[in-house]
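Work through the exercises below with the sequence and the model side by side. Each task is followed by a solution in steps.

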Amino acid sequence: MNELLTQSLTYIRSFGIIGNIFLILLQIVVVFVAALLHVAYATYWERKVIAHMQLRLGPREVGPYGLFQPFADGIKLFFKEDIIPATADKPIFYLAPVIFFVSALTSLAVLPFFDGFVVADINVGLLFLLAMSSLGAYGIVMSGWSSGSKYSFLGGLRSASQVISYEIAMGLSLVGVMIMSGSLNLSEIVRGQHAITTGVYAIPQVLGFFVFVVAMFAETNRLPFDLPEAESELVAGYFTEYSGFRFAMFFLGEYTGMLIMSSVGTICFLGGWTLPQFVTNALPFLLFVPGIVWFLMKVYCFMFFYYWVRATLPRYRYDQLMAIGWKVLIPIALVNIVFTGTMKIMGWF
Amino acid sequence: MDNLFEEQEKSFETKQLTISLGPQHPATHGVLRLDLLLDGETVVKCTPYVGYLHRGVEKLGETKTYFAALPLSDRLDYISSMNNNVGYVNAVEKLFGIEAPERAKFIRTMVAEMGRLSSHIIWLGTHVLDIGATTPFLLAMASREKILDLFEILCGARLTVSYPRVGGVRNDVTQEFLDRLYEYVLEFPARMDDYETLVTENRIWKDRTVDIGIISAEEAVNWGLTGGTLRGSGVDYDVRRYAPYDAYDKVEFDVPVGVKGDCYDRYLVRIGEMRQANRIIKQCIEKLPAGPILADAPKFTLPPKDLILKDMEHLIHQFILITKGPTVPEGEVYVGTEVPKGELGFYFVSDGTGKPYRMRVRAPSFVHASVMPRLCEGGLIADVIANIGTIDIVLGECDR
């Protein structure tokens, strides 16, 4: 099997640049389809997990155990009437969900899912991810601004300030990882982790990991930081006026964002597709399990954490959210950077 | 430098935003409409508008006999219809000058406290849901469902029960009902612990409710607040204690009071009330005396159904009572009862005929809705939501 793969790869590569483009396109298709399927089933699992936490059953009508529910939802949204408010700023209204969704999907390009499998193995992968997640905020702000609704407007403004504040905390929390690995390339970060004793950066970088996890919730607008779409205050926040497939794009974008944040957490703090060396030394047979399995398992743990938190916590108030971001998370992240830098210079890391 | 800053401030014009929260808004618990004038996220002015659910209950009451108007009281606060019924029949009994027998009083106390539990469970669920926690809501609703099932066993209806009658109750309780209720009562404290684990000491919950919507004891009294909303400010006023009706003077219960009068205190007060309600139900089951369930006052109570079917005189008597109504002493009467939302008062003016000349309902929700500007102005828009939950209003009662 492996031989066949290597042979066919060599054959395709023999076509030169066209072959390489074909390979990249193939990779893009694989990643795109896999990611969208994950997003579809992320919604299903969220509903199931939260339902069971709340003494309910969750979806179970469409297909066996309700497994076709995501597709039913997708088809329904696709055929819904596309309503545009009369007061909306139409071009921006059309553009906003596209920006939101595309910026989320673009981030997938730099994620290494397992050793050697990454669409674009660029040197500034981490920066690219942060840039793309900030770009997604434009989609939210534009949708809030262009909807012509006061609720959307407030939601959009909230989102802008929230994403900007937490972008800083998140960026700073990842600086520790950059210092330790000495690289912004995500594959290199994973390899760097594999080389150290603990096998994961989450242990030496415990402060950074904490800040990252909190900022992760804020970045993806999830409870307890889902203020931009706080349904009890702002009806649905920035996407109040959206319907049909435009709404679905926001929805997909949000879940893609969750997947990406989970992947970043996995890659930067939990060792990506690798297992810590002391684990594989003790249980060598685990080496036969493909790396993608470990990667996905770690991502699913993050996703489950998202669901769990959503079922447990109430929502913060807007000013409290800002206070946490600026007065707690950013100082912690800065302390972490100083600590990590000192350790690096002393040669302990 | 300061000068420059000031100039910039002047050139940067800001505008206040008017936002209409409701009448169709997920957090307004019905059709309350609040016109909010916002400066950024801060509420500058809050104007509540009520009346979207006005059905003219008071005027309707004047067109019906005292017996026939009972179901109207169900539709006031439709979440705690049992308590409204109890309040209604107590007022009418005082007007008629009759008293329900002991057993009926205990049954009424018991079902009223069940109604209080069911209403407070909804309050807890929706209040917490508004703040963003979904799980306590669903756990609480599962618990409320059992109370509704018990109501169904008791009288066949789940929501609009109309179970109490002038001079007693509609039918006696069965042993099966008492057994299942007792089972529920024993299990309920554990359910309460479940909700409290998720909410009471939750850091985010405290951040959202402590020091929000503070109203001092004096102000609360001046605004006419009653019920948990008043007791949260530290005023020990409970109609059940202050002017006991039914069997409340024969059962033991505490009245929880708050200290500061913020949302968190009101939350704690209502949580305490739920535990007390549970305690009262337990005592009622244990102390339930034997005896008749309808007062022996043939002029004012409907004759039993089996006699109506057998006996001509009773048939005629029932016909007269239903169509013309009883001959009521002239005068006026006000009876306030402690419903889950506060003090629900019924005021009747009788002109001697079978129908009230004037029926007036003192609705706690109406009074509580009026305090919204006092609680919300100066706060943030998110606090408005916390305040709506904490004053615990039902618009059916507010608009009448």
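**Exercise 1: the contact between the chains**

Task: find how many residues of chain B are in contact with chain A, and which elements of chain B they come from.

Solution. Counting contacts (C-beta atoms, placed from the backbone, within 7 Å), 26 residues of chain B meet 21 residues of chain A. Next, assign them to helices (DSSP runs of H or I, at least four residues) and strands (E, at least two), numbered from the N terminus. Two or more residues each come from β1 (17-21), α5, α6 (135-155), α8 (203-209) and α17 (381-391) of chain B.

The model is predicted: local features need pLDDT of at least 70 and side-chain atom pairs pLDDT 80 or more, while totals for chains, interfaces and linings use all residues. Residues are numbered from 1 along each chain as its sequence is written, chains are lettered from A and ligands numbered from 1 in the order in which they are written.

**Exercise 2: one residue at the contact**

Task: place B:Ile204 in its helix, decide whether it is buried or exposed, and list what it touches in chain A.

Solution. B:Ile204 belongs to helix α8 of chain B. A residue is buried if 20 or more other C-beta atoms lie within 10 Å of its own, exposed if 12 or fewer, and partly exposed in between. B:Ile204 has 20 such atoms within 10 Å, so it is buried. Leaving out residues up to four places away in sequence, B:Ile204 touches A:Pro224, A:Leu313, A:Pro314 and A:Tyr316.

**Exercise 3: helix α5 of chain B**

Task: compare the span of α5(B) with the expected one, then state why the helix counts as largely enclosed.

Solution. The expected span is 1.5 Å times one less than the number of residues. For the 30 residues of α5(B) this gives 44 Å, and the distance from first to last C-alpha is close to that, at 43 Å. Of these 30 residues, 29 are buried, so the rest of the structure largely encloses the helix. Just after α5(B), B:Gly132 has a positive phi of about 115 degrees.

**Exercise 4: a sheet in chain B**

Task: give the strand order of the open three-stranded sheet and name its edge strands.

Solution. Strands pair if DSSP finds at least two bridges between them. The order is β6-β7-β8 (chain B), with antiparallel pairing. The edges are β6 (331-339) and β8 (358-362) of chain B, each pairing on one side only. Strand β7 (residues 342-350) of chain B joins β8(B) over five bridges. Opposite B:Val349 stands B:Arg358 of β8(B).

Definitions and conventions
Contact = placed C-beta atoms within 7 Å.
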